[in-house]
Amino acid sequence: MMSLLHMTLISLTLAGIAYSQVTSLPLLPTVEIFGELGNNVTLPCHYFSKESQVFGNRIKWIKVADDEALNEDVLLSMGLHTKAYGRFENRVFLTMEGDASILLTDVTKEDVGQYRCEIMNGMEDTVQEVILKIRSFTGVVFPYSPHLGRYNLNFDAAVQACFDQDAEVASFEQLFEAWQDGLDWCNAGWLNDGTVQYPITKPRQPCGGSNNQPGLRSYGRRDKQMSRYDVFCYTSELMGDFYWLEQPNRLNFDEAVQACIDDDAEIAKVGHIYAAWKLNGYDRCDAGWLADGSVRYPISRPRKNCSPTDPAVRLVGFPDKYQKSYGVYCFKAGPSGDKRQ
Ligand SMILES: *[C@@H]1O[C@H](CO)[C@@H](O)[C@H](O)[C@H]1NC(C)=O
């Protein structure tokens, strides 16, 4: 039995080499999967076509390391034989007949990273890369700078600024997770441990250098009284409804505040617009006043003239409060559910 598996491994390795030199692979887009610590997660990998679901397919899952020499075997399956390796023993299972997806149970921090699924049958080979990430926070991290402009908050003012947006200063773990999730921001902000950092996913010259790896760039611990930066705030799910208030005319700031009050609500805070956008997929291409005097709009479906490249909450600015140029976003506290757009 052992020797059979051993031989299988060797022939798989050989097949893998031959295959990468000769056949052109169906290049499937890398899939990103979010799991939760301690829970089960399915890593997807499907046969390329119906015809390729023949008996005797070899399925190989490995965990890919930065240094390919340190790749870990996860699971190997050939016909009736399936074997899981190392710390994946008794933890990974093929989920379905005719499919190469695996169920990974009891997800740990060490499981985070890149996996590669290879289906080999000598006719049509498939390679699927899957990146497993962990989501342990259910809220959203957002960068904040007040109307005074960039780099104006000492630590206490940063705490107050987040509080005023119905949020709190983010932790390192929260910012790290937001970075893994794609947050890229080139202004440094306070975190709740008194350090000042910023998340870069697309390295470039003005943001800590284009030769550096993506990551959190840290200025380290800063003087909480004297140093002034922006702040990263964290807010969890919305406890109420965030909505665009239909109005016949454009409003100045005071009219916007009053319009929400007249609708039995309050003018929305920056934390509300981020939570609605990130956690509820709120999308509206209309610029509206918010409580801090800023004007923003939330785009979760990028399109022409509305944040065309990325989903984002777009900042128009902190306009003159007498300017009658915008609409308003309101927030009504209470059980959420009635999601008006
Ligand atoms: C994870 O999967 C295993 C095996 O299928 C099952 O016994 C267990 O109940 C699952 N755990 C959770 C949290 O769903």
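1. A residue counts as buried if 20 or more other C-beta atoms lie within 10 Å of its own, and as exposed if 12 or fewer do. The points below apply this to a predicted model.

2. Start with helix α4, residues 253-262. Phe253, Ala256, Ala259 and Cys260 are buried there. These residues sit on the same side of α4 because they cover an arc of only 120° around the axis. Asp254, Ile261 and Asp262 are exposed on the other side of α4.

3. What do the buried residues of α4 pack against? Their partners are β17 (266-267), β18 (288-289) and β21 (327-333). Just after α4 comes Asp264, with a positive phi of about 60°.

4. Next, the nonpolar cores. The largest has 59 residues. Val231, Cys233, Ile273, Val328 and Cys330 have the most contacts inside this core. Helix α5 (residues 270-280) gives the most to this core: 6 residues. Another core, of 17 residues, lies apart from it. Val74, Leu104, Met120 and Val130 are among the members of that second core.

5. Val231 deserves its own entry. Leaving aside neighbours within four places in sequence, Val231 is in contact with Tyr144, Leu153, Ala158, Ala161, Cys162, Val169, Gly189 and Trp190.

6. One open sheet has 3 strands, in the order β2-β7-β6, and its pairing is antiparallel. Its edge strands are β2 (41-43) and β6 (92-94), each paired on one side only. From one strand to the next, the twist averages 30°.

7. Within that sheet, β6 and β7 (residues 102-104) pair over 3 bridges, in the antiparallel sense. Val92 stands opposite Leu104 in β7. Leu104 is also one of the residues in the core of 17.

Conventions: Residues numbered from 1 in each chain as written. Predicted model: local features only at pLDDT ≥ 70, side-chain atom pairs only at ≥ 80, totals over all residues. Core = buried A, V, L, I, M, F, W, Y, C linked by C-beta atoms within 7 Å. Helix = DSSP H or I, 4+ residues; strand = E, 2+ residues; numbered from the N terminus. Contact = placed C-beta atoms within 7 Å. Pairing = 2+ DSSP bridges. Axes fitted to C-alpha atoms, helices over the stretch in contact; angles between N-to-C directions. Arc of directions from axis to C-beta.
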